[in-house]
Amino acid sequence: MKKNDKNKFAQVKCEKCKNEQVIFTKATTVVKCLVCNEVLAEPTGGKVMLKAKVLEYLG
Ligand SMILES: [Zn+2]
């Protein structure tokens with residue numbers, strides 16, 4: 001079992017506008033930056049593929 005499998009949320013930083021936001025790592029839809037609309041994560045069927053820089057994994 002991989003370490004990150006139990007983490008449901010991740011705090012990420014948008015590479016484009018530097019906005020920080022918390023995203024759900026098991027989202028089933030594309031997660032976009034709330035500020036600039038950049039794609040931060042894409043669903044892969046299980047966990048999302050994170051496109052943005054992860055600052056921290058949260059519970
Ligand atoms: Zn952004």
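## Surface and overall build

The accessible surface of this protein adds up to about 4100 Å², with 53% of that belonging to carbon and sulfur atoms (areas come from the Shrake-Rupley method with a 1.4 Å probe, and for residues only the protein chains shown count as cover). What you're looking at is a predicted model, where local features need pLDDT of at least 70, side-chain atom pairs count only at pLDDT 80 or more, and totals for chains, interfaces and linings use all residues. Residues are numbered from 1 along each chain as its sequence is written, and side-chain values use heavy atoms, with hydrogens and water left out.

There are six strands here and zero helices (these are DSSP runs numbered from the N terminus: H or I of at least four residues for helices, E of at least two for strands). The radius of gyration is 11 Å, close to the 10 Å that the globule rule gives for 59 residues, so the protein is as compact as a globular protein of that length (the radius is taken over C-alpha atoms, and the rule is 2.2 Å times the number of residues to the power 0.38). Along its principal axes, the C-alpha trace spans about 35 × 20 × 15 Å.

## The zinc site

Now for the metal. Four cysteine sulfurs act as the protein donors of the zinc ion: C14 (SG), C17 (SG), C33 (SG) and C36 (SG), at 2.3 to 2.4 Å from it. Donors here are N, O and S atoms within 2.8 Å of the metal (3.2 Å for Na, K and Ca), and since water is not among the atoms, sites may look incomplete. Along the chain, the zinc donors follow the spacing C-x2-C-x15-C-x2-C.

The arrangement is tetrahedral because the four donor atoms subtend angles of 104 to 114 degrees around the zinc ion (four donors earn that label if all angles lie between 85 and 135 degrees). C14 has 1% relative accessibility and so counts as buried, while C17, at 29%, counts as partly exposed. The cut-offs are under 20% relative accessible area for buried, over 50% for exposed, and partly exposed in between (1.4 Å probe, protein chains only).

## The nonpolar core

Of the 59 residues, 25% count as buried. The largest nonpolar core has eleven residues: A10, V12, C14, I23, A27, V31, C33, L40, A41, V48 and A52. Strand 1 (9-13) and strand 4 (39-43) are the elements that give two or more residues to this core. A core in this sense is a set of buried Ala, Val, Leu, Ile, Met, Phe, Trp, Tyr and Cys residues joined through side-chain atoms within 4.5 Å.

Take A41 as one of the core members. Not counting residues up to four places away in sequence, A41 touches I23, T29, V30, V31, V48, M49, L50 and K51, where a contact means heavy atoms within 4.5 Å.

## Three residues to look up

V22 sits in strand 2 (residues 20-24) and, at 47% relative accessibility, counts as partly exposed. Leaving aside neighbours within four places in sequence, V22 is in contact with F9, A10, Q11 and L58.

N19 is in the loop between strand 1 and strand 2. Beyond its neighbours within four places in sequence, N19 is in contact with V12, K13, C14, C33, L34 and V35. V30 lies in the loop between strand 2 and strand 3 (31-32), and its relative accessible area of 41% makes it partly exposed. With neighbours within four places set aside, V30 is in contact with V39, A41, E42 and P43.

Methods:
Four donors count as tetrahedral if all angles lie between 85 and 135 degrees; four count as square planar and six as octahedral if opposite donors are over 155 degrees apart and all others between 65 and 115; anything else is irregular.
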